[in-house]
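Thanks, everyone. Please bring up the model on your screens, and I'll walk through the ligand site and then two helices.

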Amino acid sequence: MTAKVDLKVVLLGREASGKTCLVDRYLHDRFNFGVNQATVGAAFGAKKLQIGGHTITMGIWDTAGSERYEAMSRIYYRGAKAAITCFDVMDPTSFERLKFWVNELRNNEEHCKLYICGTKVDIAEGNRSGRVDVHSVSDYADEVHARYFDTSSKTGQGIQELFTAIAEDFIQSESKTRTLAADGATVPLARRDPVGSGRSAEPAGGCCA
Ligand SMILES: Nc1nc2c(ncn2[C@@H]2O[C@H](COP(=O)(O)OP(=O)(O)OP(=O)(O)O)[C@@H](O)[C@H]2O)c(=O)[nH]1
């Protein structure tokens, strides 16, 4: 069984940087606080969106952040139209890891749009001194032509904005090259990761509308 996907989005970033929670909040509007189960391989979820008179299906690949799975994550970013590179705003090491993924994408997927996502901003609210400097992130985002969003999967802050921006950018760039079909549906994609996953961004048996 396959799901038709117009817009392939991949999430990349250090382990525990909050990728799975971000997808979970976006697709299911939920946050499982304190559940810290590392993704194995990758997980896939999908969402149908109505944007500006177009219907598109966004397929989201949540990769494992552990360096053990680095080679596998490379497979998942192939053909992605958008990449959300995540870092935990309270963890400078995760920002350095983000730069690694940005370089990877710049070198290998020149048509993939970049989105830099600061995660867990709710923690930074009461602890500004420990956070990765916002201006440094903004400057870096400008340098690599990425858009920058701060988010919290706990509160939901910034998450709709991030994914809506990705969908709108996609529609804008697609409409420059061709007319989107009214029902979208252009790229067939296997619904589940064949390698398997420790967790899935969608419940087994179906993707989300
Ligand atoms: N306070 C807070 N905690 C968060 C937030 N997002 C994630 N966390 C916590 O951070 C930990 C790691 O989150 P995950 O979403 O599993 O991280 P991941 O990047 O998918 O991790 P890997 O699968 O190992 O790559 C979990 O304990 C989450 O509860 C957030 O927005 N706010």
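Start with the ligand. This is a predicted model, and 24 residues surround the ligand in it. The closest are Glu15, Gly18, Thr20, Thr39 and Gly65.

What is the makeup of the shell, nonpolar, polar or charged? Polar residues number 12, nonpolar residues 7, and charged residues 5.

Now the helices that feed this shell. Helix H1, residues 19–28, supplies at least two of its residues, and so does helix H4, residues 121–125. H1 gives the largest share, with 3 residues.

Stay on H1. Is H1 enclosed or in the open? It is largely enclosed by the rest of the structure, because 9 of its 10 residues are buried. Buried here takes 20 or more other C-beta atoms within 10 Å of a residue's own. The buried run reads Lys19, Thr20, Cys21, Leu22, Val23, Asp24, Arg25, Tyr26 and Leu27. Thr20 is also on the list of residues closest to the ligand.

What covers those buried residues? The cover includes strands E2 (7–13), E3 (42–51), E4 (54–63), E5 (82–88) and E6 (113–119). Helix H6, residues 159–177, is part of the cover too.

After H1 comes Asp29, with a positive phi near 50°.

Now switch to helix H5, residues 134–143. Of its 10 residues, the number buried is 1, so H5 lies largely in the open. Just after H5, look at His145: its phi is positive as well, about 60°.

To recap: H1 is largely enclosed, and H5 is largely in the open.

Terms used: Residues are numbered from 1 along each chain as its sequence is written. This is a predicted model: local features need pLDDT of at least 70, side-chain atom pairs count only at pLDDT 80 or more; totals for chains, interfaces and linings use all residues. A residue is near a molecule or strand if its C-beta atom, placed from the backbone, lies within 6 Å of it. Helices (H or I, at least four residues) and strands (E, at least two) are DSSP runs, numbered from the N terminus. Ala, Val, Leu, Ile, Met, Phe, Trp, Tyr, Cys and Pro count as nonpolar, Asp, Glu, Lys and Arg as charged, and the others, Gly among them, as polar. A residue is buried if 20 or more other C-beta atoms lie within 10 Å of its own, exposed if 12 or fewer, and partly exposed in between; C-beta atoms are placed from the backbone. Two residues are in contact if their C-beta atoms, placed from the backbone, lie within 7 Å.
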